[in-house]
Amino acid sequence: MTALLQVEDLRVSYGKIEAVKGISFSVEAGQVVTLIGTNGAGKTTTLRTLSGLLKPSGGKIFFEGKPLAEVPAHKIVAMGIAHSPEGRRLFPRLTIEENLQLGAYLRDDKDGIQQDIQRAYDLFPILGERRKQASGTLSGGEQQMLAMGRALMSRPKLLMLDEPSMGLSPIMTQKIMATIAELKSQGTTILLVEQNAQAALSLADQGHVMEVGKIVLSGTGQDLLHDDEVRKAYLGED
Ligand code: ATP
């Protein structure tokens, strides 16, 4: 079986600085795969490259068996990859509902779009209650919900989430992680970048630990959660 996403020896540079130094991993349909690692490890760079926002300097990317490396960003969305970026990048003056509608910009099936907006409100009831509120006035957790809801509006085959727990309280982080688990149970395939290793590994089928541009350790979420090195370096245990 071909993986939904296959990354082979991917390299990405900013000028002379190589931020991603030959990483390989795959994501099977229905899985949650997480990339964890400290600041600057190259996780965001990897997601931005998979979205077509950055060009790889080497290696290969295949999505449903098709090469991705030369495909422009808008076509990548059309192929079925959605990206909820670090920092959320919402349109702050637009309402919740308008932000959700923008997530469906490639679609013209009005009824389907309306159904998916309702699905986002079912997933996150607070968004439905506040649908006419400008997104810039939402709390950090509510903005994260909206960013995820917006990414889902393209009906992606692969949902990429960049640090959904960033800046959130432990309770809000739990809520976001529970929603990721719910999306997985509905069959959504997710590539999750997180600094909160505990939360991410707890729900991931597969995890990869990145350090300065490389994958240094891979395993199932549970294996990594119980790995001594991971516990010391990323879970704050001695
Ligand atoms: P974080 O969790 O802090 O976002 P990360 O693992 O996502 O970390 P990246 O943001 O991918 O890491 O950064 C990887 C490396 O690339 C870092 O050394 C960073 O300084 C560098 N880098 C990122 N963006 C740029 C840029 N636009 N120009 C030059 N260097 C960059």
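**Reading two sheets and a ligand site**

Me: Let's start with strand pairing. Which residue in β4 is the bridge partner of Q6?

Reply: Q6 has F62 as its bridge partner in β4. Keep in mind that this is a predicted model. For the general idea, two strands count as paired once there are at least two bridges between them. Here β1 (residues 5-14) and β4 (residues 58-63) have five bridges, and the pairing is antiparallel. Another of their links puts R11 opposite G58 of β4.

Me: And what comes after β4? How many bridges join β4 to β5?

Reply: Two bridges, with β4 and β5 running antiparallel. One thing to look up is F63, whose partner in β5 is K66. The two strands make a hairpin with two residues between them, and E64 there has a positive phi near 50°.

Me: Now zoom out. In what order do the strands of that open sheet lie?

Reply: Go across it as β2-β1-β4-β5, four strands with antiparallel pairing. To find the edges, look for strands with a single partner: these are β2 (17-27) and β5 (66-67), so each of them has one side without a neighbour in the sheet.

Me: Which helix packs on this sheet, and which strands does it touch?

Reply: That's α1, which touches β1, β2 and β4. Its direction makes about 110° with that of β1.

Me: On to the other sheet. How many strands does it have, and in what order?

Reply: Six, reading β6-β7-β8-β3-β9-β10, in an open sheet with mixed pairing. At its edges are β6 (81-84) and β10, each paired on one side only. On average, neighbouring strands here are turned by 15° against each other, with direction ignored.

Me: "Mixed" pairing: where can I look up a parallel pair?

Reply: Try β3 (residues 32-36) with β9 (residues 206-211): they run parallel and are joined by four bridges. I36 has V209 of β9 as its bridge partner, while L35 stands opposite H208. For the antiparallel sense, move on to β9 and β10 (residues 214-220), which pair over six bridges. V209 turns up again there, with L217 as its partner in β10. β9 and β10 form a hairpin too, with two residues between them, and V212 in the turn has a positive phi of about 30°.

Me: Which helices should I look at around the six-stranded sheet?

Reply: Look at α6 (residues 140-152), which lies across β6 and β7 (158-162) and runs at about 165° to β6. Then there's α7 (residues 170-185), packed on the sheet and touching β3, β7 and β8 (189-194). The direction of α7 makes about 155° with that of β8.

Me: Last topic, the ligand. How many residues surround the ligand, and which are the closest?

Reply: For a shell like this, you take residues with a heavy atom within 4 Å of the molecule. That gives 13 residues around the ligand, and the closest are N39, G40, G42, T44 and T45. Helix α1 (residues 43-50) supplies the largest share of the shell, three residues. By character, the shell splits into seven polar, three charged and three nonpolar residues.

Me: Which atoms of G40, T44 and Y14 should I check for polar contacts?

Reply: The cut-off for a polar contact is an N or O pair within 3.5 Å. G40 has a polar backbone atom 2.7 Å from an oxygen atom of the ligand. In T44 the atom is again a backbone N or O, lying 2.7 Å from a ligand oxygen. With Y14 you look at the side chain: a polar atom there is 3.4 Å from a nitrogen atom of the ligand.

Me: And what share of the ligand's accessible area does the protein cover?

Reply: 62% of the 640 Å² that the ligand has on its own.

Key. Residues are numbered from 1 along each chain as its sequence is written. This is a predicted model: local features need pLDDT of at least 70, side-chain atom pairs count only at pLDDT 80 or more; totals for chains, interfaces and linings use all residues. Side-chain values use heavy atoms; hydrogens and water are left out. A polar contact is a pair of N or O atoms within 3.5 Å; within protein, one must be able to donate a hydrogen and the other to accept it, and residues adjacent in sequence count only if both atoms are side-chain atoms. Accessible areas come from the Shrake-Rupley method with a 1.4 Å probe; for residues, only the protein chains shown count as cover. Ala, Val, Leu, Ile, Met, Phe, Trp, Tyr, Cys and Pro count as nonpolar, Asp, Glu, Lys and Arg as charged, and the others, Gly among them, as polar. Axes are lines fitted to C-alpha atoms, for helices over the stretch in contact, and angles run from 0 to 180 degrees between N-to-C directions. Contact means heavy atoms within 4.5 Å.
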